[in-house]
Protein chains: 2
Amino acid sequence: MSQMQNVEKQLREMILGLEIGPGERLTERWIESRFGASRTPVRAALLRLETEGLVCRDGRGWTVSPINLAEIEQIAVYREAIEVAAVKLTCALEDRSAVDVVEAMLDSCDAGTPREEWHRVGMDFHIELARLSGNEFLFRAVRDAMTRLSRARWLEVRDEAALGRAWAEHRAILAAVRAGDANEAAHRLSAHIVGSRDRLVTSLHNDRRGLRARGFAVVAA
Amino acid sequence: MSQMQNVEKQLREMILGLEIGPGERLTERWIESRFGASRTPVRAALLRLETEGLVCRDGRGWTVSPINLAEIEQIAVYREAIEVAAVKLTCALEDRSAVDVVEAMLDSCDAGTPREEWHRVGMDFHIELARLSGNEFLFRAVRDAMTRLSRARWLEVRDEAALGRAWAEHRAILAAVRAGDANEAAHRLSAHIVGSRDRLVTSLHNDRRGLRARGFAVVAA
DNA sequence: GATACCAGCTTGGTATCCCAAAATGGTACC
DNA sequence: GGTACCATTTTGGGATACCAAGCTGGTATC
């Protein structure tokens with residue numbers, strides 16, 4: 001069996017699921033024994049995860065990337081550029097019926113849906129919306145950005161009302177895309193990303209003490 | 001000595017310098033013997049170069065990524081999004097004096113400058129311009145995009161006049177940035193990228209037969 | 001008691017070995 | 001002559017052995 005992809009996938013899930021905390025040190029030997037693989041696939045996995053920004057070299061050795069508030073702010077600016085570009089492209093398409101698929105994703109979440117699912121769909125919304133543009137590079141850039149944000153968004157303390165507002169914004173964006181109104185879609189998407197960033201940064205900042213108590217490294221720069 | 005970074009660097013230069021042609025098959029064993037390293041660093045190098053888009057898996061095995069005309073067109077759209085976003089950020093900065101450093105790069109090329117240098121500076125202009133924005137993600141995205149375009153741009157048949165026009169456009173962009181005129185800078189940069197794409201695609205398309213004769217794989221999709 | 005130094009252990013980097021699968025090439029049969 | 005099949009080789013993926021650098025803990029000396 002190909003352990004390589006398995007190690008990579010499982011390790012990514014452990015990191016994204018915060019089973020291994022941000023800032024925690026990793027040794028190749030520990031991963032090796034933890035997943036029953038040898039160092040070759042472990043090494044490949046670490047190299048891949050490094051390019052995704054989930055682990056980083058720590059002098060000699062590896063560390064699960066800390067939550068970086070400055071990075072989160074920069075990613076928001078980055079997202080605004082690429083997601084707005086993608087949604088404008090999509091609005092210019094003749095056939096925009098694929099938005100229905102994205103809308104269906106939103107519909108799949110209701111009051112009984114576990115929080116984990118809301119989290120996943122909230123990210124996939126942006127990823128799939130970018131995919132509609134048909135531009136592979138914009139799509140990948142959005143996907144990678146959301147991956148980097150994933151843990152921080154999971155740590156975010158969100159209430160029902162905030163989720164409801166986010167979903168309403170999502171729907172408004174889709175409506176503008178469906179209507180082919182690029183400016184409206186771009187404007188609403190921009191506002192959504194900026195608002196999302198503010199809520200995220202505020203939440204993390206307020207809960208910083210609690211996060212540190214859980215052993216999670218949260219750095220400001 | 002750490003062979004790892006050496007293998008990666010040398011292999012990247014061979015690929016970017018077209019010493020190994022686009023579409024050529026690579027075997028880990030060949031790289032191993034060619035650079036006197038063992039397979040572990042060779043694999044690390046291949047994994048890294050894969051994320052840069054310079055090599056790609058070919059079923060079982062590795063291939064130097066072919067020149068992909070569809071990819072070049074998509075990258076142009078991508079570049080427009082990220083470079084325009086970066087230049088707008090830069091225009092919003094209070095201290096934009098760093099543009100002088102970029103302008104000095106342009107000045108370093110004159111009639112006696114070898115073609116290789118024009119090629120390098122032509123890419124570094126865009127990379128350094130993006131760096132001025134202060135956004136690490138926009139910067140990296142531009143750098144990676146230019147890396148992917150590097151070989152195609154090197155294959156491009158460019159005359160003196162075309163280079164002169166490109167340099168004039170570069171200077172006009174810098175002038176707008178220096179003046180803090182975000183709209184003007186964005187407009188000129190957009191036009192430059194689109195024009196650059198058109199010249200590039202046309203040149204490659206016209207010379208496609210010649211490229212194939214040199215053993216270079218050029219695919220349309 | 002404090003500090004400097006040394007031994008041993010940990011750890012990432014490298015080299016090498018093994019294996020399974022796929023490509024290759026040659027041969028035999030139709 | 002062509003095609004199908006089998007042996008051999010090639011090749012990437014995985015496992016393991018080895019090494020050098022750095023950290024740790026303990027001890028001995030001042």
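These legends describe close-up views of a predicted model.

**View 1. Protein residues around DNA strand C.** DNA strand C has 18 residues around it. The ones that come nearest are A:R29, A:R39, A:R43, A:R60 and B:S38. On the DNA side, sugar and phosphate make up 47% of the strand C atoms that come within 4 Å of the protein. Sorted by class, the surface near DNA strand C holds eight charged, six polar and four nonpolar residues.

**View 2. Polar atoms of the protein beside DNA strand C.** Two backbone approaches involve phosphate. A polar backbone atom of A:E28 is 3.1 Å from a phosphate oxygen of DNA strand C. For A:L26, a polar backbone atom is 3.4 Å from a phosphate oxygen of the strand. B:T40 reaches a base instead: a polar side-chain atom of B:T40 lies 3.2 Å from a base nitrogen of DNA strand C.

**View 3. Helices that face DNA strand C.** Four elements each give two or more residues to the surface near DNA strand C. Chain A supplies α2 (28-35) and α3 (39-51). Chain B supplies α1 (3-16) and α3 (39-51). The most comes from α3(B), with three residues.

**View 4. The buried face of helix α5 in chain B.** Helix α5 of chain B covers residues 99-107. Its buried residues are B:V99, B:V102, B:E103, B:M105 and B:L106. Seen down the axis of α5(B), these buried residues fall within an arc of 150 degrees, so they line one face of the helix. An α-helix has 3.6 residues a turn, so residues three or four places apart point the same way. What do the buried residues of α5(B) pack against? They pack against α6 (115-131) and α8 (160-179) of chain B.

Notes. Residues numbered from 1 in each chain as written. Chains lettered and ligands numbered in written order. Predicted model: local features only at pLDDT ≥ 70, side-chain atom pairs only at ≥ 80, totals over all residues. Heavy atoms only, no water. Near = heavy atom within 4 Å. Polar contact = N/O pair within 3.5 Å; in protein donor to acceptor, adjacent residues only side chain to side chain. Nonpolar A, V, L, I, M, F, W, Y, C, P; charged D, E, K, R; others polar. Buried < 20%, exposed > 50% of the residue type's maximum accessible area, 1.4 Å probe, protein only. Arc of directions from axis to C-beta. Contact = heavy atoms within 4.5 Å.
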